[in-house]
Amino acid sequence: MIEIRFHGRGGQGAVTAANILASSAFKEGKYVQAFPFFGVERRGAPVTAFTRIDDKPIRIKTQIYEPDIVVVLDPSLLETVDVTAGLKDGGTVIVNTEKSKDEVLKELKKKPAKLALVDATTIALEVLGLPITNTAILGAVAKATGIVGLDYVKEAIKETFSGALGEKNAKAAEEAYNKTVVYEL
Amino acid sequence: MAEYKPIRKVVSGNYAAAYAVKHARVQVVAAYPITPQTSIIEKIAEFIANGEADIQYVPVESEHSAMAATIGASATGARAFTATAAQGLALMHEMLHWASGARLPIVMVDVNRAMAPPWSVWDDQTDSLAQRDTGWMQFYAENNQEVYDGVLMAFKVAETVNVPIMVVESAFILSHTYDVVEMIPQELVDEFLPPRKPLYTLTDFDNPISVGALATPADYYEFRYKLAKAHEDAKKIIKEVGREFGERFGRDYSDMIEKGHVDDADFVFMGLGSLMGTVKEAVDLLRSEGYRVGYAKVRWFRPFPREELLEIAEKVKGIAVLDRNFSFGQEGILFNEAKGALYGTGARPIMKNYIVGLGGRDFTVRDVRAIAENMKAIIESGKLDREVEWFHLKR
């Protein structure tokens, strides 16, 4: 079972990202589970969401405490939230940021085995005209982890957002896929 | 019978409920929004707006009215549904008696949510269990699939025995969690669940009836007996419908208590609903480490499956009853029921009550392990350290 934790801020669509990732993996024939942190969401406040992916039905009904993969949608969260809390040894961290690898590593409490960086905010502004990074970051997840193919991510995005909005969001994911830099540490 | 090819979708527990309502061809929904239930009735409203479902939707000003309108619809012979949670269910309390007393086969989803104050929107079973004596039957879903299947089976059972049924799911843990659900093609649902055939309706003007009329001491008693008997008789119907569901769609619900590894277990975990998914995961882990453990997931709390409980209790040395609820001044509600059901039988397993996860506090595999270690020590020593443990209390 692969466990993924998303960190965002209320309004950025972390919960939607967790759901779309689950739908993408489902399209590849996996069993999936996606859920928000069982809390109260407020626009701008730190938000956590989770995805589980497995080859067999997922029975466990708890939050994720020891993720394999952490995805950070908002760069400013690194200063206030311990995003690597519980990260498994050998784990992956994916961050939306314009900062360098060394700058990001300085802000992480635990050094991951793999770090992936992408400036998803700029991509979202260019492609969508909005700083909403939840679809772009999924391109980075596909690139950095290989747990789900980009085509499936794009398909799931287009099912979530209909018409032109779906096309644009799928494009944002593809751009992010192409621009994500992955560091093996 | 047409060949069964399921339609698999990734949906929340609430959407699973809404799809089941659509597939059951419910005719009337009357509801009032409340977190974490609201997305059920929003999805139903969306189905209606898109022309996907032909349902009369009645927006009302309170849950009391929601149940009143649902009762009215059901009394005319319609298949009627509503959904609520916590304070909303409490506000319905009076009308719940009217529904069961009038023997109306209403199905309602209650999303288990903690009772306020303090204010909480998270999972807790006390809201539904506090409606224990209203005459409603209660089915507890472990996962989104069981929410969907539960609603479909509930209509069939309810309309057979003329008793309303509450299908219960967990706040957020199911209601807002997306998971894979196998849905049944409409024509196959139609075969399983044909249109309701009411015995009496308010709109049959050639055969006028009265609903909720006065019963003097000469008659009231027999009405109560008939409702009591309907619950007892329902056990057979529940098993038959559960078996039929399994034969048609591959998921068997003929047991009112789902059992795992009971035959060679020293002790079992017993509980309701979504808690038991985590327990199953933990039981596999514990067994791989040599623990002789099993589980008993109580699907139907009303009618209470005394006979199946006794079969389990005769096989094991101990039962750890997990209650995400509490009856103040006494103990966990399932624990109380289970002990009461076994009194007077020969079965005397050691029973301990663990109060867990009230108000949505997370219940984890690690918690199950700690309980297993405690139960193992109790069984080996034969000494119960205490009967009721507030397991998650901060120390």
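**A strand pair across two chains**

Strand 2 of chain A, residues 31-36, runs antiparallel to strand 8 of chain B, and two bridges join them. One partnership can be named: A:Gln33 has B:Asp179 as its bridge partner in strand 8 of chain B. The model is a predicted one.

Now widen the view to the contact between the chains. Chain B puts in 19 residues and chain A 16 residues. On the side of chain B that touches chain A, strand 8 (178-183) and helix 9 (275-288) each supply at least two residues. Helix 9 of chain B gives the most to this side, with four residues. By class, the side of chain B that touches chain A holds eight nonpolar, seven polar and four charged residues.

Next, chain A itself. Chain A has seven helices and seven strands. From the N terminus on, its elements run β-α-β-β-β-α-β-α-β-α-α-α-α-β. The radius of gyration of chain A is 15 Å, and the globule rule gives 16 Å for 185 residues; the two values are close, so chain A is as compact as a globular protein of that length. Taken along the principal axes, the C-alpha atoms of chain A fill a box of roughly 40 × 40 × 35 Å. Of the 185 residues of chain A, 51% count as buried. The contacts of chain A reach along the sequence too. Among those between residues at least 6 apart in sequence, 63% join residues at least 24 apart.

Chain B is divided into two parts: domain 1 covers 7-249 and domain 2 covers 257-390. Taken over C-alpha atoms, the centres of domain 1 and domain 2 of chain B are 28 Å apart. Where the two domains of chain B meet, domain 1 brings 29 residues to the contact and domain 2 brings 20 residues.

Which elements supply the side of domain 1 of chain B that touches domain 2 of chain B? Helix 5 (126-129), strand 6 (137-140), strand 7 (165-170) and helix 8 (220-249) of chain B each supply at least two residues. Helix 8 of chain B gives the most to this side of domain 1, with five residues. By class, the side of domain 1 of chain B that touches domain 2 of chain B has 15 nonpolar, eight polar and six charged residues.

To return to the start: the chains meet through strand 2 of chain A and strand 8 of chain B, joined by two bridges. Helix 9 of chain B gives the most to the side of chain B that touches chain A.

Notes: Residues are numbered from 1 along each chain as its sequence is written. Chains are lettered from A and ligands numbered from 1 in the order in which they are written. This is a predicted model: local features need pLDDT of at least 70, side-chain atom pairs count only at pLDDT 80 or more; totals for chains, interfaces and linings use all residues. Domain bounds come from an automatic or database domain assignment. Two residues are in contact if their C-beta atoms, placed from the backbone, lie within 7 Å. Ala, Val, Leu, Ile, Met, Phe, Trp, Tyr, Cys and Pro count as nonpolar, Asp, Glu, Lys and Arg as charged, and the others, Gly among them, as polar. Two strands pair if DSSP finds at least two bridges between them. The radius of gyration is taken over C-alpha atoms; the globule rule is 2.2 Å times the number of residues to the power 0.38. A residue is buried if 20 or more other C-beta atoms lie within 10 Å of its own, exposed if 12 or fewer, and partly exposed in between; C-beta atoms are placed from the backbone.
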